[in-house]
Structure formats: structure tokens, C-alpha cells
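Work through the exercises below with the structure in view. Try each task before you read its solution.

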Amino acid sequence: MIIQENVPMSEHTSFKVGGHAKYFIRTESIDDIKEALQFAKTRSLPVFILGKGTNLLVSDNGYNGVIIQLGKFFSEITDLGKGMICAKGATPLARLARYTINEGLAGIHKLAGIPGSLGGAIYMNAGAYGQEIANCCVSVTSIDENGTVRERYANECSFGYRHSVFQDIAKRESKIPEPAEGIRCNFLSEIILSATFQLTPAADLGKTAKDLENEMQECMTKRRNSQPLSMPNAGSTFKRLETGAAETPAQIAPGYYIEQAGLKGFRIGGAEVSRIHANFIVNAGGATAADIKTLSEYVQKTVTEKFGINLHREVILLGKF
Ligand SMILES: Cc1cc2nc3c(=O)[nH]c(=O)nc-3n(C[C@H](O)[C@H](O)[C@H](O)COP(=O)(O)OP(=O)(O)OC[C@H]3O[C@@H](n4cnc5c(N)ncnc54)[C@H](O)[C@@H]3O)c2cc1C
């Protein structure tokens, strides 16, 4: 386990902004994780679990705590037979999707273009093009702040649209008052170690592995044509609106309202509402985290004023803004 100090988070987030983390620990075993948690506890520092940083905006002031990231040991996929697989927390989603296609297994192959890790995908219940990571999930294994490992079945994970029980735990834990002994570990959630999936053999759907590959490639093409992939960003800034807020699918997308509000290309500092996809904010060059946050708030305010619609942020903020 290597403990680094004053690590620039701009190097660990897809927005490429953010100040320094006081400590950054990459863990290669369960014992490392326990040691890292203890390290934070003894220093009364909060802990944050970092995946691949693709849904994260870290303050320019940095994070006065301990960032824990799962290392290579936690990037592994195991075939459990009969369409069941287990993937560890740091496995890139792209690798997982590719693996399932090669094995001729359907269910999460359309998620190949999501640039995060398995842990981040479970935490967010990431999804795209009609598939969500929760769809085929059987169980999730995690470790809590006391080092206790537990397994939850999918029906205990409170999966919903961009939601999982791990977000509830994070909220609950951060409200816990300081314990009597004065040691504070503002533990943000349990650490997701792995998840198992039950996938459907392509043949059962009358398809081949090649069909799954084609479906995945079709999704990748849609992404390339509709998302600002050449500029630093963190995917959708705002969550999809509740159905009923508008009539057609296009109108349900936050991007529709942001575009109708005339905000495409609107800029604050180096942060810009993407000219390609209005629900993306991009770092158009030299943006600060404050620029991005201020711009997202401006977009929220403008859309509320014009359409009476409240946009809810999907991107997670870390540190004091
Ligand atoms: C170009 C682009 C396209 C995108 N497209 C999509 C899309 O189509 N659909 C979609 O849903 N998202 C999309 N995203 C957003 C993002 O990739 C997903 O939310 C992804 O699941 C985040 O994973 P991550 O590993 O990067 O998590 P991070 O950004 O590192 O963290 C996100 C949250 O997950 C928590 N977390 C991460 N790992 C763990 C773990 N092991 N245990 C516990 N908690 C953990 C973190 O604490 C944090 O709260 C896109 C992003 C980009 C940049």
C-alpha cells in the first residue's frame, strides 16, 4: 500500500480540475483497505472512495481527507458458469462489457462506452441505451468502515434511476455525530468490492455474440455523434427528468430544456455548456472547479426561471466549494 500526500485530483478526474487530496491511497488487498481506513481514523480524517473519477467534481480547494482507490488487484472478472460472472470493484466497465460480448452474454454489453469502474457504476446505477448495471446484478459485496465485509442481494441494494443503497449509506454515515473517543471518520459509503451478474446467453435471445458486438458498436457510434468526447467532462450534468414533466422523450432530457433556454455554448470562465450536447458541461480550457459549479448552478436557475423545471445534479461534488 502506497500512501501519497498532496495529490492533484485534476490527474484523477475526467473534468481534469480540482485541488489536492491530503492523502491518496491505492489499495491492493482487503488488508490494505482496512489499514487505509485505520490510517484515516487515527488522524480523524474523512474518507472518500474514488473510482475512475468520471462522475466527480473536486473543489479547487482540494480534499482535506483520505482518498481510497482500489488498485489492480480489484480489477478482475471471474466466470462462475451458466452465464454468471463476478467482477471486482476497479474493473473498467468497458472491459466488463467487452468480456460479456466475447462470452456471448447479453445484458450489460451496451454499457461499454461508460468510462467508469464497476464500483462507480454500482454506486450510481449507471446506465445507457436501455440497460442499467442493476438489471442483471445478483449481488454486491462491500466492506464497511469497521472492515466488515457483507454481501447484499440486488433486491437489498435499492437500485433506482441513478440510485443505489450505497448513496443512502453515504448520506446516513455523514450525519453520524462524532464518537465519544473523539475519532472521526467521515466515511462516505461502504466500499464496493465486487458484484455478481446473471447474464443471458445470446442464443437464448436468438442472437449471436456478433449481434451483441454490433449492438454495442451502434451505441458507441451514437455516443461519438452526440457527446463532446474530445473535451474533458463528466458525462451528463443533470439527471433525466421525471416522466410526466413533458410529452416526448426528447423533452424529458434535461438537454432539451437547456438548449431551449439558449444556453448551448454559454460559458463561465473555462467551463462551457457543450455545443454538441447541452446536458454536458465541458472544460473548454483552463476551467476551474468553481467555474464548472457556477455554470451548472446558472443553468439550473435559468431552466427553472424559463420552464418552472428543477434540474437535479448527477455529478458528485467533493470538497469545500
Ligand atoms: C464521456 C462520459 C460519458 C458518460 N456516460 C454515462 C452514461 O451513459 N451513463 C451513466 O450512467 N454515466 C455516464 N457517465 C458518468 C460516469 O462514467 C458514471 O457515473 C460511472 O459509473 C462513474 O464511475 P467512476 O468509477 O468513474 O466513479 P467516480 O466518478 O470515481 O465516483 C462516483 C461515485 O461512486 C462512488 N464510488 C466509486 N467507486 C466506488 C466503490 N468501489 N465503492 C463505493 N463507492 C464507489 C464514489 O465515491 C462517488 O460517490 C459518463 C461520464 C463521461 C465522462
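**Exercise 1. Find which residue of S17 stands opposite Ile268, then place the pair in its sheet.**

Solution. Start at the pair: Ala271 in S17 faces Ile268. Keep in mind that this is a predicted model. Next, look at the two strands. S16 and strand S17 (residues 271-273) are joined by 2 bridges and run antiparallel. Now widen the view. The open sheet has 4 strands, with antiparallel pairing, in the order S15-S18-S17-S16. Strand S15 (233-236) and strand S16 (267-268) are its edge strands, since each pairs on one side only.

**Exercise 2. Identify the strands that helix H8 touches, and give its direction relative to S17.**

Solution. Locate helix H8 at residues 289-307. The helix packs on the sheet and touches S16, S17 and strand S18 (280-283). Then compare directions: H8 makes about 30° with S17.

**Exercise 3. Decide how compact the protein chain is for its length.**

Solution. First take stock of the elements: the protein chain has 8 helices and 19 strands. Its radius of gyration is 20 Å, and the globule rule gives 20 Å for 321 residues. The two values are close, so the chain is as compact as a globular protein of that length. For the outline, the C-alpha atoms fill a box of roughly 55 × 50 × 35 Å along the principal axes.

**Exercise 4. What share of the 321 residues is buried, and what share of the contacts joins residues at least 24 apart?**

Solution. Buried residues account for 44% of the 321. For contacts, count those between residues at least 6 apart in sequence: 63% of them join residues at least 24 apart.

Methods: Residues are numbered from 1 along each chain as its sequence is written. This is a predicted model: local features need pLDDT of at least 70, side-chain atom pairs count only at pLDDT 80 or more; totals for chains, interfaces and linings use all residues. Two strands pair if DSSP finds at least two bridges between them. Two residues are in contact if their C-beta atoms, placed from the backbone, lie within 7 Å. Axes are lines fitted to C-alpha atoms, for helices over the stretch in contact, and angles run from 0 to 180 degrees between N-to-C directions. The radius of gyration is taken over C-alpha atoms; the globule rule is 2.2 Å times the number of residues to the power 0.38. A residue is buried if 20 or more other C-beta atoms lie within 10 Å of its own, exposed if 12 or fewer, and partly exposed in between; C-beta atoms are placed from the backbone.
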